[in-house]
Amino acid sequence: MNTQEGSLCAQHCLNNLLQGEYFSPVELSSIAQQLDEEERARMAEGGTATEEYKIFLQQPSGNMDDSGFFSIQVISSALGVWGLELTLFNSPEYQRLRIDAVNERAFICNYKEHWFTVRKLGNQWFNLNSLLMGPELISDTYLALFLAQLQQEGYSIFVLRGDLPECEADELLKIMRVVQQERPKLIGEEGTQRTQTESSPR
């Protein structure tokens, strides 16, 4: 699993979803620039001398920034290369389908500038959040509650549509099950706990 480096969580989110090093920051930046150019061209249709167009040109990109953040449009375009689409989980269109979350294949979750993947590998669900030290096992019975909790915290959740590329982890977990004794720690949490333990009086 890709763990967090800087703010490139969109890249880690995509690569954890696809289970491979499929996207680099350079490739995602290229997609973002292409989207920016398409938006600029659409704005120019109204006239390049208009006040709206001049204001638009002065604004920073809405598809990426210097911290390594990429927008949902970039992620959606990147997944489109694989024939994959995203649908908003709590949209009326999706809710009308009445699909049980456990019957899906994957979800992409976003809050502010953080992205992460929740994916089924084999017959089990995993939280592949790059801020964790490793994958977190999510039981079928807990999945709906986990997603509802994320929504309460302000996350936008997108359901993946389409066939994911084959991966070794998926094949392996079809013939064996993971048993997890404890939830993986957040990156940096272990070091903080160790420091507190070392500094506490004996």
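In this predicted model, arginine 98 lies in the loop that runs between helix H5 (92-95) and strand E2, and its backbone adopts a positive phi of about 50° although the residue is not a glycine. With a relative accessible area of 76%, arginine 98 is exposed. A second non-glycine residue with a positive phi, in this case of about 60°, is glutamine 19, which is found in the loop between helix H1 (9-18) and helix H2 (25-44). Glutamine 19 has a relative accessible area of 29% and is therefore classed as partly exposed, since that class lies between the limits of 20% for buried and 50% for exposed residues. Both backbone conformations are noted because most residues other than glycine have a negative phi. A positive phi, of about 100°, is also taken by glycine 154, which is located just after H6.

Helix H6 itself spans residues 140-152, and within this helix Leu143, Phe146, Leu147 and Leu150 are buried. These four residues lie on the same side of H6, because the arc that they cover around the axis is only 95°. The face of the helix turned away from this buried side carries exposed residues, namely Thr141, Leu145 and Gln152. The cover over the buried residues of H6 includes a series of strands, with E2 (106-111), E3 (114-121) and E4 (124-127) among them, and E5 (136-138) and E6 (156-161) likewise contribute to this cover.

Helix H6 also takes part in the largest pocket, which holds about 220 Å³ of space. The lining of this pocket comprises 15 residues, and those nearest its centre are Asn127, Phe146, Leu150, Glu153 and Arg183. Phe146 and Leu150, which lie nearest the pocket centre together with the other three, are also among the buried residues of H6. At least two lining residues come from E3 and at least two from H6, and the contribution of H6, amounting to four residues, is the greatest to the lining.

The unreviewed UniProt entry lists Cys9, His114 and Asn129 under "active site". Although these positions are spread over 121 residues of sequence, they cluster in space, the largest C-alpha distance being 9.4 Å. Of the listed residues, His114 and Asn129 are included in the lining of the largest pocket.

Histidine 114 is situated in strand E3, whereas asparagine 129 occupies the loop between E4 and E5. Histidine 114 counts as buried because its relative accessibility is 13%, a value under the 20% limit that defines this class. Asparagine 129, with a relative accessible area of 10%, is buried as well. The side chains of asparagine 129 and histidine 114 are joined by a polar contact of 2.9 Å. When residues up to four places away in sequence are not counted, asparagine 129 touches Met1, Phe116 and Thr117 in addition to His114. The two residues thus linked by a side-chain polar contact are also those that the pocket lining includes from the UniProt listing.

Notes: Residues are numbered from 1 along each chain as its sequence is written. This is a predicted model: local features need pLDDT of at least 70, side-chain atom pairs count only at pLDDT 80 or more; totals for chains, interfaces and linings use all residues. Side-chain values use heavy atoms; hydrogens and water are left out. Buried means under 20% relative accessible area, exposed over 50%, partly exposed in between (1.4 Å probe, protein chains only). The arc is that of the directions from the helix axis to the C-beta atoms. Contact means heavy atoms within 4.5 Å. UniProt positions are given in the numbering used here, feature names are shortened, and annotations may be inferred rather than shown by experiment. On a 1 Å grid over the protein atoms alone, a cavity is a set of points where a 1.4 Å probe fits but cannot get out, and a pocket is an open set with protein on both sides within 12 Å along at least five of seven lines; lining residues have an atom within 4 Å of a point. A polar contact is a pair of N or O atoms within 3.5 Å; within protein, one must be able to donate a hydrogen and the other to accept it, and residues adjacent in sequence count only if both atoms are side-chain atoms. Grid points are joined across faces, edges and corners, and a volume is the space filled by probe spheres set on the points.
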